[in-house]
Amino acid sequence: MPNYDRQCPSCGTVALDCLEPVNTPDPICLCGAQTQRVWLTTPAVIPDSIPGGIEIAHGLCNADGTPHRYYSRSEMRDEARARGLFNRVEHIPARGSDKSPHTSRWI
Ligand SMILES: [Zn+2]
């Protein structure tokens, strides 16, 4: 059953996480107005794919130490999970700069 958030357009009353069938008629608010389905708790959709891929030289690199290129966030996440790593990005300053050529490539 889908999980909806509802909001009353008249008084602004909000009901979060309403479990209800898709074809449920909009319930009437205590104020008498008809509530509407809204998406308040749905996180912003972040595109999963990484255009051109991203080359990882540390942590999630290949077993022989060569950099591995990933083409989606889910691919990186699954690999990190498999190796017991969790989004750990090390910031290693390059000589003469506080920007690392590795971490500064992250968008
Ligand atoms: Zn209302």
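Buried, in what follows, means under 20% relative accessible area and exposed means over 50%, with partly exposed in between. Keep those cut-offs handy, because they decide how we label Cys11, which has a relative accessible area of 41% and so counts as partly exposed. One caveat before we go on: what you have in front of you is a predicted model.

Let's start with the overall layout. The chain has one helix and five strands, and reading from the N terminus the elements come in the order β-β-β-β-β-α. There are 107 residues, and 21% of them count as buried. As for how far the chain reaches back on itself, take the contacts with a separation of 6 or more: 29% of these join residues that are 24 or more positions apart.

Now look at the metal. Which residues hold the zinc ion? The protein donors are the SG atoms of Cys8, Cys11, Cys29 and Cys31, at 2.2 to 2.3 Å from the zinc. The angles among these four donor atoms run from 105 to 118 degrees, and the site is tetrahedral. That label fits because four donors count as tetrahedral if all angles lie between 85 and 135 degrees. Along the chain, the donors are spaced as C-x2-C-x17-C-x1-C. Within that pattern, Cys11 and Cys29 form a pair that links distant parts of the chain, being 18 residues apart. Cys11 sits in the loop between β1 (3–7) and β2 (14–19), while Cys29 belongs to the loop between β2 and β3 (36–38). Their surroundings are worth a glance too: Cys11, as we saw, is partly exposed at 41%, whereas Cys29 is buried, with a relative accessible area of 11%.

The strands that frame those loops bring us to the sheet. It is an open sheet of three strands, ordered β2-β1-β3, and the pairing is antiparallel. Why is one side of β2 and of β3 left without a neighbour in the sheet? Each of these two strands stands at an edge and has a single partner strand, so its other side stays unpaired in the sheet. Neighbouring strands here are turned against each other by 40 degrees on average, with direction ignored.

Take the two pairings one at a time. β1 and β2 run antiparallel over four bridges, and one residue match to look for is Arg6 with its bridge partner Ala15 in β2. The hairpin made by these two strands has six residues between them, and there Gly12 takes a positive phi near 85 degrees. On the other side, β1 and β3 also pair in the antiparallel sense, over three bridges. Here Gln7 has Gln36 in β3 as its bridge partner.

Stay with Gln36 for a moment, since this β3 residue gives a good view of the pairing. Gln36 is 30 residues from Arg6 along the chain, but their C-alpha atoms are separated by 5.4 Å. Leaving out residues up to four places away in sequence, Gln36 touches Asp5, Arg6, Gln7 and Pro9. Is Gln36 buried or exposed? It falls in between: its relative accessible area is 43%, so it is partly exposed.

Finally, move further along the chain to Ser72, which lies in strand β5 (residues 68–72). Ser72 is buried, because its relative accessible area of 13% is under the 20% cut-off. Which residues does Ser72 contact beyond its neighbours within four places in sequence? They are Asp48, Ser49 and Ile50. With Ser49, the C-alpha to C-alpha separation is 4.1 Å, although the two serines are 23 residues apart in sequence. The side chain of Ser72 also has polar company closer by in sequence. It makes a polar contact with the side chain of Ser74 at 3.3 Å, and a polar atom of the Ser72 side chain lies 3.1 Å from the backbone nitrogen of Glu75.

Terms used: Residues numbered from 1 in each chain as written. Predicted model: local features only at pLDDT ≥ 70, side-chain atom pairs only at ≥ 80, totals over all residues. Heavy atoms only, no water. Donors = N, O, S within 2.8 Å, 3.2 Å for Na, K, Ca; no water. Tetrahedral: all angles 85-135°; square planar, octahedral: opposite > 155°, others 65-115°. Buried < 20%, exposed > 50% of the residue type's maximum accessible area, 1.4 Å probe, protein only. Pairing = 2+ DSSP bridges. Axes fitted to C-alpha atoms, helices over the stretch in contact; angles between N-to-C directions. Contact = heavy atoms within 4.5 Å. Polar contact = N/O pair within 3.5 Å; in protein donor to acceptor, adjacent residues only side chain to side chain.
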